[in-house]
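Me: Could you take me on a close look at the tail end of this protein and the surroundings it packs against? I am in my first year, so please explain the terms as you go.

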Amino acid sequence: MERDPSSRRRALRGALALAALATTSGLLRPGLARAGNGAKSDYQYQDHPQDGQRCAQCAAFQPAPDGGPGTCRLISGTINPNGWCIAFSQR
C-alpha cells in the first residue's frame, strides 16, 4: 500500500509543532513545570493567612517534602504554607 507524501508531511509538521510547544511551554523542563513564573507582587502574595485561607489548602500549592516552604504552580520562588494570595483555590 502506497502512502500519500503530503499526509506524511502533515504528520511530520504536526509532530514538530507539538515538540516545539512542549519545549517552549516547559513540559520538557521539569523545574519550570513544577514552579510558576508569576511574581509574588502580581498575586498580592503575603506570608500570612487571610480569612482562614492559606497556601497549604490551595490547589496550586506544592508542599516541600520536609514540611518547610513549598512552591506554587503560579508564583515563582518559595511559598510559605501559611501564606495567601488572590489566586487562592481550595483543594
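Reply: Let's begin at S89, which is partly exposed with a relative accessible area of 37%; on this scale, buried means under 20% relative accessible area, exposed means over 50%, and partly exposed is in between, using a 1.4 Å probe and protein chains only. Bear in mind that this is a predicted model, where local features need pLDDT of at least 70 and side-chain atom pairs count only at pLDDT 80 or more, while totals for chains, interfaces and linings use all residues. Residues are numbered from 1 along each chain as its sequence is written, and side-chain values use heavy atoms, with hydrogens and water left out.

S89 sits in the segment after β2 (71-72). Helices (H or I, at least four residues) and strands (E, at least two) are DSSP runs numbered from the N terminus. The protein has two helices and two strands, arranged along the sequence as α-α-β-β.

What does S89 touch once its neighbours within four places in sequence are set aside? Its contacts are Q57, C58 and A59, where contact means heavy atoms within 4.5 Å. C55 belongs in this picture too: S89 and C55 are 34 residues apart in sequence, yet 8.9 Å apart in space, C-alpha to C-alpha. Such long reaches fit the wider pattern, in which 70% of the protein's contacts with a separation of 6 or more are between residues 24 or more positions apart.

Now look at the interior. C55 and C58 both belong to the largest nonpolar core, which has eleven residues and also includes F61, C72, W84 and F88. A nonpolar core is a set of buried Ala, Val, Leu, Ile, Met, Phe, Trp, Tyr and Cys residues joined through side-chain atoms within 4.5 Å. Another core member is I79; beyond its neighbours within four places in sequence, I79 is in contact with K40, Y45, C55, F61, P69, G70, T71 and C72. Across the 91 residues of the protein, 24% count as buried.

There is also an enclosed space here. The structure holds one cavity of 30 Å³ or more, and the largest cavity contains about 90 Å³ of space. On a 1 Å grid over the protein atoms alone, a cavity is a set of points where a 1.4 Å probe fits but cannot get out, and lining residues have an atom within 4 Å of a point. Grid points are joined across faces, edges and corners, and a volume is the space filled by probe spheres set on the points. Among the lining residues are C55, C58, L74, I79, A87 and F88.

For contrast, try P63, in the loop between β1 and β2. P63 is exposed, with a relative accessible area of 51%. P63 and N80 are 17 residues apart in sequence and 9.2 Å apart in space, C-alpha to C-alpha. D51, in the loop between α2 and β1, is exposed as well, at 73% relative accessibility.

Finally, a word on confidence. pLDDT is the predictor's confidence in each residue, from 0 to 100. The mean for the protein is 80, and 65% of its residues reach 70 or more. Over residues 24-34 the pLDDT is below 50, although this stretch has twelve contacts in the model beyond near neighbours in sequence.

Key
On a 1 Å grid over the protein atoms alone, a cavity is a set of points where a 1.4 Å probe fits but cannot get out, and a pocket is an open set with protein on both sides within 12 Å along at least five of seven lines; lining residues have an atom within 4 Å of a point.
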